[in-house]
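Work through the three exercises below with the model open. Each task is followed by its solution in steps.

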Amino acid sequence: MNEAPHVDATAVNAPSRPVSDDAFTFDELQLAARNHAMPSEALRYALTPSGLHFLLIHFDIPEVNGDTWRLEVGGLVERPLSLSLADLRARPAVTVPVTLECAGNGRALLAPHPASQPWLNEAVGTAAWTGTPLAPILREAGMQASTVEVLFTGVDRGVQGGELQDYARSLALDEALRDDVLLVYEMNGAPIPPQHGFPVRLIVPGWYGMTQVKWLRSVTLLDTPFEGYQHTRSYRVRQTEDDPGVPVTRMLPRALIEAPGIPEFATRARIVAPGICTLRGRAWSGWGPIVRVEISADGGQSWHDASLGEPLAASAWRPWSFMWTAAPGTYDICARATDATGQTQPMQAPWNVGGYMNNSAQHVTVVVQ
């Protein structure tokens, strides 16, 4: 039983808010208003509806004409290519469900919170992406033997860290040549919406969202590692501003809980009736399949194994469920995931300057009455 039709609202105890020693700034409020997380109740969908999928836009949504757009493939190639959207659509197409998560997911839960987009837990979504594999295009262009990286540059342009830039990220050549790396032009069976990268974006299953370059305009083969802002100054795990840190790459394991019952408006505490309550959610990792999800009703003091369902694809999140006998009281429900490499979500993730890769176990306050 997941609903609580008769509720004494005055008896609902509000959960404590995340501890932080500083307030969110107006700049962070602007970022939060432009970008949005996936509502936790959308975890009920194996494929996230496009309008509910999380969204992060670094600069502005560029105006791109799909009829005149071209993808330039150049750099260390024997035969540079200039491909239209129709050219890509004429190539062999594949459709793959892929879970994407922002590298800053959970940033606002760190204390002190790093100043940036203030994500809680739901900067994630899973869509069916349709496109064509990248590797055959690189081979058709004639990769030179000295190639070490492939650079992906978007149409979006702005200033970050005082540096004027086009948004750009690179991949090592062996990663770029993976069979599942795609140039996609459809999201959930329709042309990619403008905010998600129309007309073409990159999809690299398993990697955090910063790698999935939107509004793609060029693919460039390099003989030296890319040293642009988004690689050398952003998306690195550092303990101090001067620390060179290590790059953010694949998604760490994470489990999320589909909010049970009904919410209290301001605090989002969940209200359920006594009895059997089926807790549900989804879990994923960029390092391998999810092999275990555990549930705690006491804030992580004791754990119980959930039942695992089958994902739509190896690149998509895995559903889980747990039958909980809910007695009257207030509970701190937690979920944590373990992947095939043995990595398990921690109760508290280490702090870092950018607030990246915080995969600490989720807490959901549930009031049973």
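A disulfide is a pair of cysteine sulfur atoms within 2.5 Å. This is a predicted model, in which local features need pLDDT of at least 70 and side-chain atom pairs count only at pLDDT 80 or more, while totals for chains, interfaces and linings use all residues. Residues are numbered from 1 along each chain as its sequence is written, and side-chain values use heavy atoms, with hydrogens and water left out.

**Exercise 1.** Count the disulfides, then examine cysteine 334.

Step 1. Applying the cut-off gives zero disulfides.
Step 2. Cysteine 334 is in no disulfide, since its nearest cysteine sulfur, on cysteine 277, lies 15 Å away.
Step 3. Cysteine 334 has 0% relative accessibility and counts as buried (buried means under 20% relative accessible area, exposed over 50%, partly exposed in between; 1.4 Å probe, protein chains only).
Step 4. Cysteine 102, at 5%, is also buried.

**Exercise 2.** Locate serine 40 and describe its surroundings.

Step 1. Serine 40 sits in the loop between helix 1 (26–34) and strand 1 (70–75). Helices (H or I, at least four residues) and strands (E, at least two) are DSSP runs, numbered from the N terminus.
Step 2. Its relative accessibility is 16%, so serine 40 is buried.
Step 3. Beyond neighbours within four places in sequence, serine 40 is in contact (heavy atoms within 4.5 Å) with Glu122, Ile257, Glu258 and Ala259.

**Exercise 3.** Is proline 136 buried, partly exposed or exposed?

Step 1. Proline 136 belongs to helix 3 (residues 135–141).
Step 2. With a relative accessible area of 43%, proline 136 is partly exposed.
Step 3. Its C-alpha atom is 38 Å from that of leucine 31, 105 residues apart along the chain.
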